[in-house]
Amino acid sequence: MAVFNYGWVVALSGFFMHLCLGTLYCWGALTPYITSYLRKFDPTLQYSDTIIVFMLTPAAQAMAMPVSGMIEKKIGPRITALIGGVIFAAGVAFSAYATTIRQLLITYAFTFGVGMGIVYMNPITCGMKWLPDRKGVISGIVVAGFGLGGAFFNVLGAYICNPENKQPDPFFDEDVADRVPLMFMVLGAAYFVMITLSALLLRDPTEEELQLLHASESKSQDLEERTPIKPKPHPSLSKDVDLAGFLCDGRGYLLWAMMTATTMAGILVIGTYKTYGNQHGFTDRTLTIIGSITLVVNGAGRLFYGALADTIGFKMSMVACFSLQALMVLFFVPSTISPILYCLVVCGTIANYGANFPLYPTATAEIFGTKYVGQNYGVVFSGFAAAGILLKLGLSAGFLSYETLILLTSFGSGIGAIGAYSLTSPWWDKKEI
C-alpha cells in the first residue's frame, strides 16, 4: 500500500498562507477607498499617486525573499513562516494609522511586503522536498492561494467600506472613506490567525521519511508501468547550485529579465482595471465582481500551468503562456465597450499573469536544483519588483499614454516567450559570467 506523502499537507497549508499573501491583488479594488481616505489629509492626491504603494510592495517582498531562504536553512520553515506572518499582519493593521502616502509606504508597501517575502517561498520549498517530482503541481497549489485570496478579501473590503455600493465621483465621500482604518484592522487580524495556524503545519521531511517514500514509490512503479510526469530534464538541470553559482550563470539573469517582461501586463491590469473601468462607466459593484472573478481565474491559471509544467516541461509551458498573454493584452483597451467583454479580457490576462508564479520557481528548481531554490528564486522574483517600478515610471511619464504602455507590455510578453525557448539550450553549458 502506498505511503501517504505529507507534502500534500504542506501544499494545502501553503495554499491557505498564500490566500492572505494574495491580498496584494486587492489593491486595484481597494485603492478607490484608500485614496479617498488619504485625500482627507491631502486633497491633491490622485490615483496615479497612490498606485506607487502597489508598485513598490513587490520590491520589499523581493528584498526579503533571499534572506528568508537563508533564515529557513537555520531555523526551518515553520518558525520562519511564523515570523513572516507576524510582520505581514502587523503591516496591514498599522496601516489603519497611516494618513500620508509616506506612512502607507512604510506600513503597507515595506512592512507588509517584507512579511510577504519571508513567508512566500517557505511552503513551496518545503513541499518540493517532500515531492521533488511534483515541483510544478506543488508550486501551482500553493500560489493558487495567492490568486484566490484576493477574490474573498476584495469582497470583504468592499463590504466594510462600501456596503451601500455608492459610486465614486471620482472619489468616495467621507462616509465610505472613514471606514478604511476599520478595514485595515479587520484584515490584519484575519491574516494573523490564518497564517499562524497554517505555518504550524510546515515541517521538512526526515531522512527516514524520504527513504520510506522512495521505497513506496519504487514498489508502485514496479507494480504499474506508467509514463513519467514530465519530460526527462536536460543533463545540466540536475545539480544543486547555491546563490553564488546562480549569480555566475547567465540563465539566472535571463530568468530575471523574463520575469520583469512577462509580469508587466498583469501588474498594469490588476493595478488599474477598476479605475480604468470607472472611467468607462462601469459601476463600482460590477468592477468588484469582475475583480473577484478574475482573481479566481488567477488561482485556476496557477494550478493549470503548474500541472502543465510537470506534464510537458516548464519551457514549453512558458512559451505557450507568454505567447497567449502577448495576444490577450492587446484586447484590453477595446474591451471597454462591454462589461462582459471587459471581464473576459481581464480574466484571460490575469490567468496568464498568474502562471508566472508556478512556472518561474519550477524553472529555477529544475535548472539550479531544489536545495537553494528559496534563495535563487528570491533573486528571480526581484524582476517582478523591477516590473512594478518600470510601470510606475511609465505611468508618470508625460510622453507615454496608457494605451502605449499596454502595447509595450504585450511586446514584453512576446520577448519572454522567446527567452523561455532558449533556457535549456546546450549553449548555456559553455557560458559562465
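Colleague: What makes the largest cavity a cavity, and how much space lies in it?

Modeller: About 100 Å³ of space lies in the largest cavity of this predicted model, where a volume is the space filled by probe spheres set on grid points joined across faces, edges and corners. It is called a cavity because, on a 1 Å grid over the protein atoms alone, a 1.4 Å probe fits at its points but cannot get out. As the model is predicted, local features need pLDDT of at least 70 and side-chain atom pairs count only at pLDDT 80 or more, whereas totals for linings use all residues. Residues are numbered from 1 along each chain as its sequence is written.

Colleague: Which residues that line the largest cavity are the closest to its centre?

Modeller: Lining residues have an atom within 4 Å of a point, and of the 13 in the largest cavity, Gly69, Glu72, Thr125, Gly374 and Gln375 are the closest to its centre. Helix 3 (47–94) gives the most, with five residues, a helix being a DSSP run of H or I with at least four residues, numbered from the N terminus.

Colleague: Why is Tyr25, in the lining of the second largest cavity, called nonpolar?

Modeller: Tyr25 is one of the residues lining that cavity, and Tyr counts as nonpolar together with Ala, Val, Leu, Ile, Met, Phe, Trp, Cys and Pro, while Asp, Glu, Lys and Arg count as charged and the others, Gly among them, as polar. By these classes, the second lining has seven nonpolar, three polar and no charged residues, whereas the lining of the largest cavity has four nonpolar, six polar and three charged.

Conventions: Side-chain values use heavy atoms; hydrogens and water are left out. On a 1 Å grid over the protein atoms alone, a cavity is a set of points where a 1.4 Å probe fits but cannot get out, and a pocket is an open set with protein on both sides within 12 Å along at least five of seven lines; lining residues have an atom within 4 Å of a point. Helices (H or I, at least four residues) and strands (E, at least two) are DSSP runs, numbered from the N terminus.
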